[in-house]
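Reader: Before the terms are applied, I should like to see the model itself. Please then justify each label against its criterion.

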Amino acid sequence: SGPVSASTSSRKSATRRSMSATWSTACSYARSSSRNGRFLINSVQNRGHGVQIWNVASQKLEHFIQTPLDVTAVALDPSQKTLVAALYIPESKTQRPEGIIVGFDFASRAKLFEMKGVKGHVTAFSFHPSGRYLASSEYGTRPNFSIWDIQERKARFRNEEGGRQTLDIAFSPDGKSLAVAVETSGDIGNPSTLEMYDAGTA
């Protein structure tokens with residue numbers, strides 16, 4: 001069948017469903033949804049920083065995990081049991097910007113672990129299909145993306161080529177490849193570069 005024109009008079013308009021936070025100055029960025037579509041997990045920066053867990057059907061905020069720092073990315077592991085959040089420590093006169101990856105039990109919201117060493121802030125997460133490894137794209141100095149071992153609670157690999165900024169990251173469904181979106185230097189209108197890596201040797 002041919003392409004569908006977006007300009008036809010019979011086009012249906014989308015219905016907007018608002019799930020706004022109780023604080024008007026919060027900035028929401030990364031989102032991750034549960035596999036069954038029941039929950040939407042939202043990271044919050046600025047005032048009231050933390051992790052929101054929304055019920056999509058009722059459009060209500062069911063849980064809020066308060067954090068001491070801004071949250072720049074969130075993700076659920078394939079088993080839907082572990083929620084990870086990236087916390088951002090801003091730059092100051094005495095230290096460079098850093099990030100901390102914190103793991104929570106999704107059901108109880110209890111804190112499970114911390115992984116330190118992000119030089120900048122995490123822009124996106126992607127879990128390996130096995131659930132053991134977590135890839136993070138990072139915006140800062142170095143590295144520009146990392147692969148973390150969830151079981152050992154440490155970085156398994158760090159890519160530090162030229163201190164580039166990475167915007168997004170994703171494992172392939174079979175876990176064999178890793179796609180990384182790299183920021184292109186220059187004018188704002190420049191496109192990003194998509195790089196592919198062998199996930200076993202990245």
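**Strands, sheets and exposure**

Author: In this predicted model, β7 and β8 are paired in the antiparallel sense over 6 bridges.

Reader: What makes β7 and β8 a pair?

Author: Pairing requires at least two bridges between two strands. β7 and β8 have 6 bridges, so the criterion of at least two is met and the two strands count as a pair. Among the residues concerned, Phe104 stands opposite Lys111 in β8, and Val102 stands opposite Glu114 in β8.

Reader: What joins β7 and β8, and which residue in the turn has a positive phi?

Author: The two strands form a hairpin with 5 residues between them, and Arg109 in the turn has a positive phi of about 65°. Ser108 also lies in this loop, between β7 (98–105) and β8 (111–118).

Reader: Why is Ser108 called partly exposed?

Author: The relative accessible area of Ser108 is 44%. Buried means under 20% and exposed means over 50%; the value of 44% lies in between, and therefore Ser108 is classed as partly exposed. The C-alpha atom of Ser108 is separated by 10.0 Å from that of His63, 45 residues apart along the chain.

Reader: Why is Gln59 also placed in the partly exposed class?

Author: Gln59 has a relative accessible area of 28%. Because this is neither under 20% nor over 50%, the label partly exposed applies to Gln59. Gln59 is in the loop between β3 (50–55) and β4 (60–66). Its phi is near 60°, a positive value in a residue other than glycine. Gln80, in the loop between β5 (70–76) and β6 (82–89), likewise has a positive phi, near 65°.

Reader: Which strands form the open sheet that contains β7 and β8, and in what order?

Author: 4 strands form this open sheet, in the order β5-β6-β7-β8, with antiparallel pairing.

Reader: Why do β5 and β8 count as edges?

Author: β5 and β8 each have a single partner strand, so one side of each is left without a neighbour in the sheet. Neighbouring strands of this sheet are turned by 20° against each other on average, direction ignored.

Reader: Which strands make up the open sheet of 3 strands?

Author: The order is β13-β14-β15, and the pairing is antiparallel. β13 (166–171) and β15 (193–198) are the edge strands, since each pairs on one side only. On average, neighbouring strands here are turned by 20° against each other, direction ignored.

Reader: How do you know that β13 pairs with β14?

Author: 5 bridges join β13 to β14 (residues 177–182), and the two run antiparallel. As at least two bridges are required, 5 bridges satisfy the criterion, and therefore the two strands pair. One of the bridges has Ile169 with Val180 in β14 as its partner.

Reader: What is the volume of the largest pocket, and which residues are closest to its centre?

Author: The largest pocket has a volume of about 240 Å³. Of its 14 lining residues, Leu76, Asp77, Pro78, Ser126 and Phe127 are the closest to the centre. β1 (27–33) and β9 (120–127) each supply at least two residues of the lining.

Reader: How many helices and strands does the protein contain, and what share of its residues is buried?

Author: The protein has 0 helices and 15 strands. Of its 202 residues, 40% are buried, a label that calls for a relative accessible area under 20%.

Notes:
Residues are numbered from 1 along each chain as its sequence is written. This is a predicted model: local features need pLDDT of at least 70, side-chain atom pairs count only at pLDDT 80 or more; totals for chains, interfaces and linings use all residues. Side-chain values use heavy atoms; hydrogens and water are left out. Buried means under 20% relative accessible area, exposed over 50%, partly exposed in between (1.4 Å probe, protein chains only). Axes are lines fitted to C-alpha atoms, for helices over the stretch in contact, and angles run from 0 to 180 degrees between N-to-C directions. On a 1 Å grid over the protein atoms alone, a cavity is a set of points where a 1.4 Å probe fits but cannot get out, and a pocket is an open set with protein on both sides within 12 Å along at least five of seven lines; lining residues have an atom within 4 Å of a point. Grid points are joined across faces, edges and corners, and a volume is the space filled by probe spheres set on the points.
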